[in-house]
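Here's a quick briefing to help you find your way around. Have a look at the sequence and the fold first, then work through the notes underneath.

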Amino acid sequence: MTDIRDILDARRLIAPHLPETPLWSYPVLDAAVGAEVHVKHENVQPTGAFKVRGGIALLARMADRGRGVVTYSTGNHAQSVAYASRLYGVPCAVLMPENPNPAKVAAVEALGATVEIRGATMVEAAGHARDLAERTGRRLISPADEPDILAGVGTLYVELFTARPDLEAVFVPVGSGSGAAAACLAAAALAPGCRVIAVQSAQAPAAHDSWRLREPVTRPVKTVVEGLATGSAFALPQAVMRDGLADFVLVDDDDILRAQRLLLTEAHTLAEGAGAAALAGLLARREEFAGRTVAVVCTGGNAGPAELARLLASAV
Ligand SMILES: *Cc1c(COP(=O)(O)O)cnc(C)c1O
């Protein structure tokens with residue numbers, strides 16, 4: 001099982017490649033929320049999302065990386081693995097299900113990875129990725145059931161808790177749960193007084209329901225929020241979250257859009273939906289956290305053209 005030593009190891013490995021991300025607060029945002037809110041800005045990562053920490057940590061520690069890698073994802077995980085593969089000169093193939101976002105395909109290809117469109121759903125694309133890995137001898141990288149990804153993502157929380165060991169809570173958006181699980185591990189070691197609170201869209205509640213029921217369940221994916229759109233539970237992050245999370249909040253896609261707008265207007269920050277979900281979770285619990293010192297992780301800023309149009313239309 002991954003622990004804080006693995007996270008500190010990962011920190012050493014990624015330090016030459018990624019500077020620490022900023023942690024800012026905004027008086028107008030504080031006023032709007034009614035708490036002291038610290039925003040961890042992963043939207044400024046070179047790939048526009050926190051996941052790149054996990055990709056670099058995994059590739060840095062892969063002994064036989066010359067054989068290449070295969071993964072499956074529609075978005076930020078693909079860019080993370082493609083970015084890390086370029087860094088280490090590793091051949092990288094990404095399987096995406098049909099009708100991918102063209103901007104995301106272009107971003108992955110621009111990093112030098114090859115994109116193959118296979119299957120109607122992510123589950124089918126994952127199957128094709130497994131076949132390709134078997135046929136070619138490349139290493140298959142799971143989006144979340146990877147200890148090195150968990151360790152790499154944990155570096156975000158080492159930065160956060162080193163800067164603010166006094167935090168009373170941190171809100172973390174969940175798709176697979178690797179980010180929230182990493183937060184649990186880092187908080188236990190560095191900020192035991194800080195409650196880790198996960199947030200997911202009520203329109204895709206598989207991770208939330210699995211956590212509540214303490215057993216893996218699948219749920220329909222109806223959210224428009226990429227990054228949170230996972231229909232089943234991932235074993236490794238669920239095992240860590242089981243006892244590590246203080247709470248798990250469900251918010252509607254509309255609440256996420258509102259939080260996105262708040263970040264835009266009060267924190268001059270362009271967050272993609274998943275990147276605003278933590279703030280939406282805090283807003284859902286604003287009475288409980290009134291006057292408290294809390295952090296929200298703005299996990300990413302990769303809003304596509306349709307999402308940008310929706311966000312701006314909602315702002316007028
Ligand atoms: C992947 C992603 C999430 C969810 O993270 P998990 O580790 O899969 O739970 C949240 N926000 C953004 C921007 C993401 O790309």
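**Two sheets and a helix pair**

One open sheet is built from 4 strands, lined up in the order 5-4-3-6 with parallel pairing. Strand 5 (114–117) and strand 6 (139–141) sit at the edges with a single partner strand each, so one side of each has no neighbour in the sheet. From one strand to the next, the twist averages 25°. Keep in mind that this is a predicted model.

**Inside the 4-stranded sheet**

- Strand 3 (residues 69–72) pairs with strand 4 (residues 92–96) in the parallel sense, over 4 bridges.
- If you want a spot to look at there, try Y72, which stands opposite L95 in strand 4.

**The 6-stranded sheet**

- There's also an open sheet of 6 strands, and its order reads 1-2-10-7-8-9, with mixed pairing.
- Strand 1 (23–24) and strand 9 (247–251) take the edge positions here; each has a single partner strand, so one side of each goes without a neighbour in the sheet.
- Strand 7 (residues 169–173) and strand 8 (residues 195–201) run in the parallel sense and pair over 5 bridges.
- Two places show how these strands line up: A169 stands opposite R195 in strand 8, and F171 has I197 in strand 8 as its bridge partner.

**A closer look at strand 7**

- Strand 7 is mostly covered, with 5 of its 5 residues buried.
- In a regular strand, side chains alternate between the two faces of the sheet.
- Both faces of strand 7 are covered: on one side you'll find A169, F171 and P173, on the other V170 and V172, and all of these are buried.

**Helices 7 and 8**

- Helix 8 (residues 178–190) lies across strand 7 and strand 8, and it runs at about 175° to strand 8.
- Two packed helices are described by the angle and the distance between their axes.
- For helix 7 (residues 147–163) and helix 8, the axes come within 8 Å and cross at roughly 50°.
- That angle is why helix 7 counts as oblique to helix 8.
- The crossing of helix 7 and helix 8 is right-handed.
- On the helix 7 side, the contact is made by L150, V153, G154, Y157, V158 and F161; helix 8 brings residues including S178, G179, L185 and L190.
- What kinds of residues make up the contact of helix 7 with helix 8? They divide into 12 nonpolar, 3 polar and no charged.

Terms used. Residues are numbered from 1 along each chain as its sequence is written. This is a predicted model: local features need pLDDT of at least 70, side-chain atom pairs count only at pLDDT 80 or more; totals for chains, interfaces and linings use all residues. Side-chain values use heavy atoms; hydrogens and water are left out. Two strands pair if DSSP finds at least two bridges between them. Contact means heavy atoms within 4.5 Å. Axes are lines fitted to C-alpha atoms, for helices over the stretch in contact, and angles run from 0 to 180 degrees between N-to-C directions. Angles under 35 degrees count as roughly parallel, over 145 as roughly antiparallel, 65 to 115 as roughly perpendicular and the rest as oblique. A crossing is left-handed if the near helix is turned anticlockwise from the far one by less than a right angle, and right-handed if clockwise. Ala, Val, Leu, Ile, Met, Phe, Trp, Tyr, Cys and Pro count as nonpolar, Asp, Glu, Lys and Arg as charged, and the others, Gly among them, as polar. Buried means under 20% relative accessible area, exposed over 50%, partly exposed in between (1.4 Å probe, protein chains only).
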